[in-house]
Amino acid sequence: MNHRKVILFSAPSGSGKTTIIREILKRFDCFEFAISATSRQPRAGEEDGKDYYFLTPEAFEQRVQANDFLEWEEVYAGTRYGTLKSEINRIWDNGHVIIFDVDVKGGMNLKQYFGSDALAIFVMPPSVEVLERRLRTRGTECEEAILKRLARSTKELEMADKFDVTIINDILADAVDETQKVINIYLSI
Ligand code: ADP
Ligand code: 5GP
C-alpha cells in the first residue's frame, strides 16, 4: 500500500468528527492522528502531545515566524490552530497514513496541498439544531464560545461540496461504518 496518503476530516465544531476519528483509529492499524498545535487551553481530559500540542499565544507566534506550519488558522477570534510540518514527516516516517482533524478552511487548504494523495471527508450534522444541541451537551465551551462556533458553522456547511465525500453523522454507528467503507475504497486505489 502507498503509505504517503492522508485522510482529512473537516466539519463545523460539534458535528462529531473527533468522535468518528476515535472510532476509525480503533478499526485500522495503519493510521496515525496528526497532532495539531493550538493556542487554546486544554479541556478536561485532554493531554498535551496527544490531543494537541498546547502552546501559549507567544509560543504559537514564534512557530509561525519560524515557518514551522504547513497551514494555520485563527479559527476563532484569538485562538489559533495549525498543522506542524514536523507531524507530516513524523507520521510518514512511521509508515502510517495521516489522519487530520482540521477546520473547513484548513481542510480545503490541505486538500489543495496534498491533491489526489488526500481523501477529504466532510462530516455533516443532521441539522443546525442538532449541531447546537451536541455542542451544548458536550459542555466543553462557555456560552460565548458556543455562539462563536455556531456563527461560523453556517458558512462552513456551505463548503461541503468542495470535499471528496460527505458523511452525515446522524446515527453514530452508521456514520462510522460509512466512513470505514469510503476509506477502504480510497486505500485500495
Ligand atoms: P467535533 O470534533 O466535530 O467538534 P465531537 O466529536 O466533539 O465534535 O462531538 C460533539 C458532541 O456530539 C460530543 O459530545 C459527542 O459525544 C456527540 N456526538 C458525536 N456524534 C454523535 C452522534 N452521531 N449522535 C449523538 N451525539 C454525537
Ligand atoms: P476544538 O477547539 O473543538 O478542538 O477545535 C476547533 C476547530 O479547530 C475544529 O474545527 C478543528 O478541526 C480545528 N482545528 C484543529 N486543529 C487544526 C489545525 O491544525 N488546523 C486548522 N486549520 N484547524 C484545526
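**Two ligand sites in a predicted model**

The space taken by ligand 2 is the largest pocket. A pocket here is an open set of points on a 1 Å grid over the protein atoms alone, with protein on both sides within 12 Å along at least five of seven lines, and a molecule sits in one if more than half of its atoms lie within 2 Å of its grid points. The model is a predicted one, in which local features need pLDDT of at least 70 and side-chain atom pairs count only at pLDDT 80 or more, while totals for chains, interfaces and linings use all residues. Residues are numbered from 1 along each chain as its sequence is written, chains are lettered from A and ligands numbered from 1 in the order in which they are written, and side-chain values use heavy atoms, with hydrogens and water left out.

Around ligand 2 there are 18 residues, of which S36, Y52, E71, Y81 and D101 come nearest; a residue counts as near if one of its heavy atoms lies within 4 Å of the molecule. By class, this shell holds 8 charged, 6 nonpolar and 4 polar residues. For this count, Asp, Glu, Lys and Arg are charged, Ala, Val, Leu, Ile, Met, Phe, Trp, Tyr, Cys and Pro are nonpolar, and the others, Gly among them, are polar. Strand 5 gives the most to the shell, with 4 residues.

Polar contacts (pairs of N or O atoms within 3.5 Å) give the site its detail. A side-chain N or O atom of Y52 is 2.5 Å from an oxygen atom of ligand 2, and one in the side chain of D101 is 2.7 Å from an oxygen atom of the ligand. The backbone joins in at V102, where an N or O atom lies 3.3 Å from a ligand oxygen. Ligand 2 alone exposes 510 Å², and the protein buries 96% of that, with accessible areas taken from the Shrake-Rupley method with a 1.4 Å probe. Strand 5 (69-76) and strand 6 (79-84) are the elements that give two or more residues to the shell; strands are DSSP runs of E with at least two residues, and helices are runs of H or I with at least four, numbered from the N terminus.

Turning to ligand 1, its 13 surrounding residues include G14, T18, T19, R138 and N169 as the nearest. The shell divides into 7 polar, 4 charged and 2 nonpolar residues. Helix 1 (17-27) and helix 5 (128-138) each supply at least two of them, and helix 1 has the largest share, 3 residues. A polar side-chain atom of T18 lies 2.4 Å from an oxygen atom of ligand 1, while a backbone N or O atom of D170 is 2.9 Å from a nitrogen atom of the ligand. Of the 560 Å² of accessible area that ligand 1 has on its own, the protein covers 75%.

Away from the ligands, the structure holds 18 salt bridges, each a side-chain nitrogen of Lys or Arg within 4 Å of a carboxyl oxygen of Asp or Glu. One such salt bridge joins the side chains of R90 and E32 at 2.6 Å, N to O. R90 lies in helix 3 (residues 85-93) and E32 in strand 2 (residues 31-33), so this pair ties together parts that are 58 residues apart in sequence.

Technical notes: A polar contact is a pair of N or O atoms within 3.5 Å; within protein, one must be able to donate a hydrogen and the other to accept it, and residues adjacent in sequence count only if both atoms are side-chain atoms. On a 1 Å grid over the protein atoms alone, a cavity is a set of points where a 1.4 Å probe fits but cannot get out, and a pocket is an open set with protein on both sides within 12 Å along at least five of seven lines; lining residues have an atom within 4 Å of a point.
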